[in-house]
Amino acid sequence: MIRTLKAFFLARYFREKLLLTGFAVLAAAIWLSSLSGRTRRFVREVHVTTSSLTDQALWISNRSKIEASAQAAAAQLDAARTLDATRLLAEVAAIANDAGLKNPTTSESQDQSNGQFSVHTLRLNVTRADWDSIKAFYIGLQKRSPYIGIEQFSLQVDRANAALLNASLRISSVEIAAH
Amino acid sequence: MCASPLDALRAGPPPPRVALLPDAMFFSRAIPVQAGASREQVVSEVGIALEALSPFPLSQLYYGYYWTPGSDRVLAFAAYRRRFTADQTAEWGSAQHVLPAFAAVLGSGVEPATTIVLAAPDGLTVVHWDQGKVPSLVLHTVLSPEATEEERAKARSELIKAAGEARTVVDAPAPPVAQPARSDSEVVFAAGTLRSTLESGAMAALDVRDKADMAALARAQRRDLLLWRVAMGSVLACALFALCEVALVGAGLWEKARIAKVGAQKTTVSRIMSDQELANRIEKLSTERLLPLEMISVVAAKKPAAIQFLRATTSGLYTIQIEAQTGNAGEIGGFKTALEQTPGCDHVEIRDQLLRNNVASFTLIVTFKPTALAPATS
């Protein structure tokens with residue numbers, strides 16, 4: 001069959017041979033270009049999927065270990081003394097009031113939960129407060145540790161009055177659901 | 001009904017286009033050569049012999065030869081160019097091979113002492129082998145087309161007798177005709193029941209056309225062969241690409257199944273990740289305490305009086321970033337040194353130093369050792 005094609009090809013005029021060869025080379029080049037592009041994309045996709053599957057397998061294989069570590073971390077706390085979002089807000093407001101802070105403002109509580117454990121976070125801003133009030137508030141919060149924790153703290157001199165301070169805190173509490 | 005292209009492909013290639021010239025136009029001689037001579041030596045011997053035998057120079061002859069490697073004899077043949085008309089030679093351009101009719105039977109592979117008789121309407125030719133693969137003699141006699149059977153038989157007997165002792169006489173009742181061959185490296189001729197197979201190298205030597213034209217033809221053939229190989233290479237590459245496409249489709253299905261698996265596991269894994277994050281936060285809240293005022297107190301204890309703190313922000317558990325200003329820029333270096341010498345400080349860095357209206361502002365980043373700070377109680 002190949003010899004028949006060869007005989008057919010060689011019997012053509014030179015310009016026809018050139019044209020046939022040109023078409024074949026062009027078709028192969030276009031196909032190669034398209035195929036190599038798609039193959040590269042496919043290989044990239046395979047790498048990404050392989051990486052995702054490996055990561056997922058790692059997470060799944062560590063599932064019981066992670067759950068155990070969460071249990072172990074929660075075991076350090078007395079479930080009765082942990083605070084839900086409402087109790088956190090009330091407790092922080094009471095400490096601020098005791099410290100003599102005027103007009104503290106809080107953001108809405110952000111909650112992260114797996115059903116059994118929850119972490120509630122709120123941001124508290126205090127403006128134009130004196131150093132002693134802020135310190136008293138801070139010490140009040142620290143006394144409730146580890147049930148109330150400060151995750152971020154920022155203190156700034158008030159622009160209008162250098163004797164006063166503005167403070168911003170991110171405060172969190174852990175809640176352990178009662179069984 | 002016309003055959004389909006597939007049938008045409010299955011039928012194999014057509015026979016090569018061969019122009020067989022009348023034997024009467026040629027004279028031939030068996031020329032002894034050294035056994036084991038190379039083809040170049042044989043070509044040279046043939047040229048010298050024909051120059052000697054012919055009344056015309058080599059450039060005015062159409063000539064060729066038949067020789068097989070190892071033979072001690074070459075059969076050379078030639079014809080005066082002017083015996084062929086311009087119309088006849090013009091037809092040779094479309095032929096792949098041009099040779100005298102008797103040359104077509106030279107590859108018959110006959111036993112020693114064999115004579116082949118080729119009959120044509122205008123004459124008879126005998127080719128005689130005494131030994132070896134190269135014939136020792138080619139004789140031709142011209143006959144009138146109106147010659148009777150008796151006259152033809154008489155001429156045949158005389159030619160066989162003149163050729164020499166023959167144990168076998170093979171009659172080829174029809175002129176040789178090129179046949180489709182099994183490979184491109186050989187040409188097969190059939191004359192009645194007689195079969196002659198000639199290799200492509202022998203066919204090139206038998207071709208009587210002008211040697212310069214032959215060289216040009218060979219160049220064109222090499223060019224065409226190159227084009228054919230490029231075209232075939234491209235076609236084969238396309239076939240390979242088609243296989244790759246099939247493999248890519250198969251691999252795509254496999255990949256799709258893997259992506260579906262990733263999607264199915266995503267919810268479970270995000271829940272585990274969330275649990276991990278939660279566990280970390282609970283662990284941190286339970287065991288670690290951010291002590292920003294304690295950090296500020298340690299830094300402020302080393303602060304020169306001229307330096308004023310404007311803003312303090314924690315960064316992680318053990319780092320505090322303080323924006324400060326001073327009217328005495330020379331104190332910044334000393335302040336940094338003093339902090340570095342404090343036992344609880346792990347690292348001190350000064351950044352973003354700017355001077356404006358004789359007031360130098362800077363950012364102080366202090367990182368404490370994890371166990372250096374104790375919580376304040378009052």
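**View 1. Right-handed crossing of α1(A) over α6(B) in the predicted model.** In this predicted model, helix α1 of chain A passes helix α6 of chain B in a right-handed crossing. Helix α1 spans residues 2-10 of chain A and helix α6 spans residues 211-287 of chain B, and their axes come within 10 Å and cross at roughly 130°. The two helices, α1(A) and α6(B), are therefore oblique to each other.

**View 2. Residues at the contact of α1(A) with α6(B).** On the side of α1(A), the residues A:K6, A:F9 and A:L10 meet B:D224, B:W228 and B:A231 of α6(B). Sorted by class, this contact of α1(A) with α6(B) comprises four nonpolar and two charged residues, with no polar residues.

**View 3. Left-handed crossing of α3(A) and α6(B).** Helix α3, formed by residues 63-75 of chain A, also has an axis that comes within 8 Å of that of α6(B), and the two axes cross at roughly 25°. Because this angle is under 35 degrees, α3(A) and α6(B) are roughly parallel to each other. The handedness of the crossing between α3(A) and α6(B) is left-handed.

**View 4. Residues at the contact of α3(A) with α6(B).** From α3(A), the contact draws on A:R63, A:I66, A:E67, A:S69, A:A70, A:A73 and A:A74, while α6(B) contributes B:I272, B:D275, B:Q276, B:L278, B:A279, B:I282, B:E283 and B:S286. The residues that make up this contact of α3(A) with α6(B) divide into eight nonpolar, three polar and four charged.

Terms used: Residues numbered from 1 in each chain as written. Chains lettered and ligands numbered in written order. Predicted model: local features only at pLDDT ≥ 70, side-chain atom pairs only at ≥ 80, totals over all residues. Axes fitted to C-alpha atoms, helices over the stretch in contact; angles between N-to-C directions. Helix = DSSP H or I, 4+ residues; strand = E, 2+ residues; numbered from the N terminus. Parallel < 35°, antiparallel > 145°, perpendicular 65-115°, else oblique. Left-handed = near helix turned anticlockwise from the far one by under 90°. Contact = placed C-beta atoms within 7 Å. Nonpolar A, V, L, I, M, F, W, Y, C, P; charged D, E, K, R; others polar.
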